[in-house]
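Welcome! Take a moment to turn the structure around on your screen, and then let us walk through it together.

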Amino acid sequence: MRQASRVQRASAVTVRAVKVSVGDLKKADLEGKRVFVRADLNVPMDKAGNVTDDTRIRAAIPTLKYLLDNGAKVLLTSHLGRPKGENKEEDKKKYSLKPVVARLSELLGKPVTLVDDCIGPQVESAVGALHNGDVALLENVRFYKQEEKNDADFAKALAANADLYVNDAFGTAHRAHASTEGVTKFLKPSVAGFLLQKELDYLDGAIKAPKKPFVAIVGGSKTVSIDAIPDGWMGLDIGPDSVKLFQDALAGAKTVVWNGPMGVFEMPKFAAGTVAIANTMAGLTGEGCITIIGGGDSVAAAEQAGVADKISHISTGGGASLELLEGKVLPGVAALDEKSA
């Protein structure tokens, strides 16, 4: 049972120091260097293991191409799903990054090698075989429990085969994990990728001085009046009255942030409320409103409604975008090097 609530927030984003971006690094800084890149390739898949939405893969391409074009040797890493990290072989059956390789290779225009681990001898051997402009995709970093615990020894092992670090995983920048925060203690420089920098510039800029009225739509866990739900039933979408209420509240807005769908939109019978709000957002964009979708299921909802190209900015990170909008410091961002004054 879900409901979205309308919240007007005061501008409360903390001023952040400007971070070094991968674009600040030139060919002389990158050629021949082993670059550890943390991307967010946590893409949805069907039961057959086929990628059903390649948005996050496409979002990683600009940074990867820049590094490869400048002669770097790229060690690409990511998580996928929620493996338990107790039995790698069992986790691999469901959460391997192997299904990502074909689409990644297609978009980069060159073959991508999948390494069967993210630390240890296999990685060392794969890196040794790389030529300038090559990329190797390391296996799911969450096959190890130490990743989410930000274990220092694990972070050191991740960094062991690299010279510098690029974080382009905005979707996990709000987590202090070994591959997002821990590795920065062992690799210098540690810089932001183009996607991460774009997210920070857009969200931070839009929220520091928003065009008002500024409205946030935040998905929640309570839909209609509790008294209106019969025993044994669940509310899985907002109804027409709630849609009208939301549309009235959004009328005239100049900045709107949406994080979280209206219901279980994946099921067609319960998609009406989410699609209606997505269409409303698209209409507001055409009226000059800055519309921002904060990642996660909301992105898929906009794609399903066919209006993704009519939204001002679609973020690749749900939790990260929401925490940034609330003025919180993102550990994966805070750990990156700052530009000198």
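Which domains does the domain assignment give for the protein chain? Keep in mind as you look that this is a predicted model. The assignment divides the chain into domain 1, covering 22–192, and domain 2, covering 201–326. If you picture the C-alpha centre of each domain, those two centres are 31 Å apart.

Now let us turn to the place where the domains meet. On one side, eight residues of domain 1 take part, and they are in contact with eleven residues of domain 2. Together the two domains bury about 720 Å² between them, and 62% of that area is on carbon and sulfur atoms. Three residues are worth finding here: R56, F170 and H174 supply 66% of the area that domain 1 buries against domain 2, more than any other three residues.

What kinds of residues make up the side of domain 1 that touches domain 2? They divide into two nonpolar, three polar and three charged. Even so, the rule finds zero salt bridges across the interface of domain 1 and domain 2. It does find one residue pair in polar contact across that interface.

Finally, let us look for enclosed space. The structure holds two cavities of 30 Å³ or more. The second largest cavity has about 40 Å³ of space in it. Among the residues lining that cavity is R56, which you have already met at the interface as one of the three residues supplying 66% of domain 1's buried area. A39, D40, A59, A60, D168, L195 and T316 line the second largest cavity as well.

Key: Residues are numbered from 1 along each chain as its sequence is written. This is a predicted model: local features need pLDDT of at least 70, side-chain atom pairs count only at pLDDT 80 or more; totals for chains, interfaces and linings use all residues. Side-chain values use heavy atoms; hydrogens and water are left out. Domain bounds come from an automatic or database domain assignment. Contact means heavy atoms within 4.5 Å. Buried area is the accessible area (1.4 Å probe) that two parts lose on being put together, summed over both. A salt bridge is a side-chain nitrogen of Lys or Arg within 4 Å of a carboxyl oxygen of Asp or Glu. A polar contact is a pair of N or O atoms within 3.5 Å; within protein, one must be able to donate a hydrogen and the other to accept it, and residues adjacent in sequence count only if both atoms are side-chain atoms. Ala, Val, Leu, Ile, Met, Phe, Trp, Tyr, Cys and Pro count as nonpolar, Asp, Glu, Lys and Arg as charged, and the others, Gly among them, as polar. On a 1 Å grid over the protein atoms alone, a cavity is a set of points where a 1.4 Å probe fits but cannot get out, and a pocket is an open set with protein on both sides within 12 Å along at least five of seven lines; lining residues have an atom within 4 Å of a point. Grid points are joined across faces, edges and corners, and a volume is the space filled by probe spheres set on the points.
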